[in-house]
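User: I am new to this structure and would be grateful for a close look at one part of it, set in the context of the whole.

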Amino acid sequence: MGELNIFGCSLSELSSLLGSRKLSSRLITEYCFDRIEKYESKINAFTALFYESAMHEAVSSDKRRVAGNSLGPLDGVPFAVKDNIEVKDAITSAGMVTRKNFMSKTDAVAVSKLRKAGAVLLGKLNMHEAAFGATNENNLFGKTYNPYKEGYTPGGSSGGSAAAVAAGFCWMSLGTDTLGSVRIPASYCGVSGIKPTSGLVSTRGVVPLSWTLDNVGTLAPTVKDLGLILDIISGYDKK
């Protein structure tokens, strides 16, 4: 990627750069994959990467912007998804050996809404096994580590989701929060995270831990960024 250096840029700032066409989604997505290639071996944030489809989505976003058909502020922004949230035609293991070959047939509602808004899906993110813990221990994919302290936990259970944002692998990620699983890793990794009010974001397409307590949460560099994401993924789901 040469001289492109957007590490530390907020999601809101990145959205403005895309909107003014000072940066393209293709360049930003390539930048993300370059950082992943350079640092992922030390962090282990991802369980799967979707390089080819992500680059296709990024190029499509750029074409929309050139044609004046932008889908909104998140069009072209890279994101990634915790591995207990379904992505069509991808494994959704929830970090469990018993689900290691479970292929999802549809996108979770939150994923579908982000994709319809033009966001670029980079891959699936590591998590504490079954979302039942706060250290991101995982026998299937191994531990995730904190980008700011080698060998230390990023917190959990959405540890991969927080670590990916903190490491500059993406500008937003989806996690789930039952008893602190977005908020704990957000605090450990120095990013912003929220557990929305129950019912604000549909949990359809999420492997359940607790039907009454589970919520799909978001992680991003700043609190303002969280609002941009929630505007897209929130809404009543009659199903």
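Is L74 buried or exposed, and what is its relative accessible area? Please describe its surroundings and then work outward from there.

Analyst: The model discussed here is a predicted one. L74 has a relative accessible area of 1%, and because buried means under 20% relative accessible area, L74 counts as buried. This residue sits in the loop between helix 3 and strand 2.

The surroundings of L74 come from several parts of the chain. Setting aside residues within four places in sequence, L74 is in contact with L11, L114, A117, G118, A119, M172, L228, I229 and I232. One of these partners, G118, is 44 residues away from L74 in sequence, yet the two C-alpha atoms are 6.3 Å apart in space.

Several of these partners lead to neighbouring elements. L11 belongs to helix 1, which covers residues 11–19 and in which L11, S12, L14, S15 and L18 are buried. Viewed down the axis of helix 1, these buried residues fall within an arc of 160 degrees, so they line one face of the helix. The underlying rule is that an α-helix has 3.6 residues a turn, so residues three or four places apart point the same way. The buried residues of helix 1 pack against helix 2 (25–43), helix 3 (51–66), strand 2 (78–82), strand 4 (172–177) and helix 7 (223–233).

L114, another partner of L74, is in helix 4. This helix spans residues 109–116, and its buried residues are V109, A110, V111 and L114. Among the elements that cover the buried residues of helix 4 are strand 2, strand 4, strand 6 (215–220) and helix 7. Just after helix 4, G118 adopts a positive phi of about 90 degrees, and G118 is itself among the contacts of L74.

A positive phi also appears just after helix 1, at R21, where the angle is about 60 degrees. R21 is a residue other than glycine and lies in the loop between helix 1 and helix 2. With a relative accessibility of 52%, R21 counts as exposed. N136 likewise has a positive phi in a residue other than glycine, with a value near 65 degrees. N136 lies in the loop between strand 3 and helix 5, and its relative accessibility of 0% places it among the buried residues.

The loop that holds N136 is also the place of S157, between strand 3 (120–125) and helix 5 (159–166). The peptide bond from G156 to S157 is cis, with omega near 10 degrees. Both G156 and S157 are touched by S181, whose contacts beyond four places in sequence are K82, A131, G156, S157, S158 and T176. S181 is found in the loop between strand 4 and helix 6 (183–189), and with a relative accessible area of 7% it is buried.

Helix 2, one of the elements packed against the buried residues of helix 1, contains I36. I36 is buried, with a relative accessible area of 4%. Beyond four places in sequence, I36 is in contact with F46, L49 and F169. The C-alpha atoms of I36 and A164 are separated by 8.7 Å, although the two residues are 128 positions apart along the chain.

These local views can now be placed in the whole chain. The chain has seven helices and six strands, and along the sequence they follow the pattern α-α-β-α-β-α-β-α-β-α-β-β-α. Of the contacts with a separation of 6 or more, 68% join residues 24 or more positions apart; the contact list of L74 includes L11 and I232.

Of the 239 residues of the chain, 53% count as buried. A compact globule with 239 residues would have a radius of gyration near 18 Å, and the 16 Å of this chain agrees with that. Along its principal axes, the C-alpha trace spans about 45 × 45 × 30 Å.

On the outside, the chain exposes about 10800 Å², of which carbon and sulfur atoms supply 53%. The chain carries 26 positive and 22 negative side chains, and the centres of these two sets lie 4 Å apart.

To return to the part requested, L74 is a buried residue in the loop between helix 3 and strand 2, and its contacts include L11, L114, G118 and M172.

Methods
Residues numbered from 1 in each chain as written. Predicted model: local features only at pLDDT ≥ 70, side-chain atom pairs only at ≥ 80, totals over all residues. Heavy atoms only, no water. Helix = DSSP H or I, 4+ residues; strand = E, 2+ residues; numbered from the N terminus. Rg over C-alpha atoms; globule rule 2.2 N^0.38 Å. Buried < 20%, exposed > 50% of the residue type's maximum accessible area, 1.4 Å probe, protein only. Contact = heavy atoms within 4.5 Å. Areas by Shrake-Rupley, 256 points an atom, 1.4 Å probe, with all protein chains shown as cover. Lys, Arg positive; Asp, Glu negative; His and termini not counted. Charge placed at Lys NZ, Arg CZ, Asp CG, Glu CD. Arc of directions from axis to C-beta.
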